[in-house]
Amino acid sequence: MRYAQGGGLTDAERAARERIRLQAVERFEGGEKNQEIAAALRVSERSVERWRRAWSERGEAGILSKGSPGRPRLSSVQIARLERELERGPLVHGWADQRWRLARVKTLIGRLFHVSYTVEGTWRLLKRHGRSWQQPTRRAIERDDAAVELWKKEVWPRVKAVRRRVTAGSSSRMGPASR
């Protein structure tokens, strides 16, 4: 089944679908056929076939909801540890520079907790816990901020072009002299 752009089902919608599957189980036990159950519950026969197969293989547990597929995979203790490791910096974890990139955080999570996230999932995890990934401004090591400020205050005003005064013009594509 395809879901709307927002993702999967809410907890209430998941519970409603589970109730329908449980009603189907009651009808399985009553000996009804898949076609009758599908018509009564207003679902497809194929769904009823899947439910019947899951019920016959695993019992009622086979048709119960497995919960939200998007629930967090890291516990609060693991999140706290991840925060501490991020504070230590990338150099400690073997990267050559001091930038935490999403791919690096993803790799760190895999190393620490043996859990696989996508890069987008890593971004969402960090965002959910109040972090943001940011690319630092690139600056030369030799940069002298005091000299830059001095240049902006003293030199730039002297070399900056003088603005021309705004004068009334013509909206015509032809200049006034060509008339």
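**Group meeting: a walk through an all-helix model**

Okay, let's start with the inside: of the 179 residues of the protein chain, 21% count as buried. Keep in mind that this is a predicted model. On the outside, the chain exposes about 14,400 Å², and carbon and sulfur atoms supply 50% of that area.

The fold itself is quick to describe. We have seven helices and zero strands, so to speak the string reads α-α-α-α-α-α-α from the N terminus on. What about contacts along the chain? Taking contacts with a separation of 6 or more, 39% are between residues 24 or more positions apart.

Now let's go to helix H4, which covers residues 76-88. Glu85 sits in there, and is Glu85 buried or exposed? Its relative accessibility is 10%, under the 20% cut-off, so Glu85 counts as buried. And which residues does Glu85 touch, if we skip those up to four places away in sequence? They are His93, Trp100, Leu108 and Leu112.

Hold on to Trp100 for a second, as that residue comes back when we look at rings. The whole structure has three aromatic pairs. In one of them, the ring centres of Trp95 and Trp100 are 5.6 Å apart with the planes at 70°, so this pair is edge-to-face. Both Trp95 and Trp100 are buried. So, putting the two bits together, buried Trp100 has Glu85 as a contact and Trp95 as a ring partner.

On to charges. Side chains of opposite charge can pair when their charged atoms come close. How many salt bridges does a search of the whole structure find? Eleven. I'll pick out a few.

Helix H4 again: Glu83 forms a salt bridge with Arg131, and the closest N and O atoms are 2.9 Å apart. That pair links distant parts of the chain, with Glu83 in helix H4 and Arg131 in the loop between helix H6 (119-128) and H7, 48 residues apart. Arg131 has 24% relative accessibility, so we call it partly exposed, and Glu83 at 25% is partly exposed as well.

Then there's a local one in helix H7. Lys152 and Glu149 are both in that helix, three residues apart, about one turn. Their closest N and O atoms are 3.7 Å apart, and they form a salt bridge. Lys152 is partly exposed, with a relative accessible area of 46%, and Glu149 is partly exposed at 38%.

Elsewhere, Arg58 pairs up with Glu57, with 3.6 Å between the closest N and O atoms. Glu57 has a relative accessibility of 55%, so this one counts as exposed. There's also a network of salt bridges, which links Asp97, Arg99, Arg101 and Arg104.

Last stop, the surface, and we're back on helix H7, residues 145-159. Which residues form a nonpolar patch there with about 330 Å² of accessible area together? Trp151, Trp156 and Val159. Trp151 is in helix H7, and with a relative accessible area of 43% this tryptophan is partly exposed. Compare that with Trp95 and Trp100, which are buried.

To recap: seven helices, a buried Glu85 in helix H4, a salt bridge between Arg131 and Glu83 that links distant parts of the chain, and a nonpolar surface patch that includes Trp151. Happy to pull up any of these on the screen.

Notes: Residues numbered from 1 in each chain as written. Predicted model: local features only at pLDDT ≥ 70, side-chain atom pairs only at ≥ 80, totals over all residues. Heavy atoms only, no water. Patch = residues over 30% accessible without salt bridge, like charges linked within 9 Å, V, L, I, M, F, W, Y side chains within 5 Å. Areas by Shrake-Rupley, 256 points an atom, 1.4 Å probe, with all protein chains shown as cover. Salt bridge = Lys/Arg side-chain N within 4 Å of Asp/Glu carboxyl O. Helix = DSSP H or I, 4+ residues; strand = E, 2+ residues; numbered from the N terminus. Buried < 20%, exposed > 50% of the residue type's maximum accessible area, 1.4 Å probe, protein only. Phe/Tyr/Trp six-rings, centres within 6.5 Å; stacked < 30°, edge-to-face > 60°. Contact = heavy atoms within 4.5 Å.
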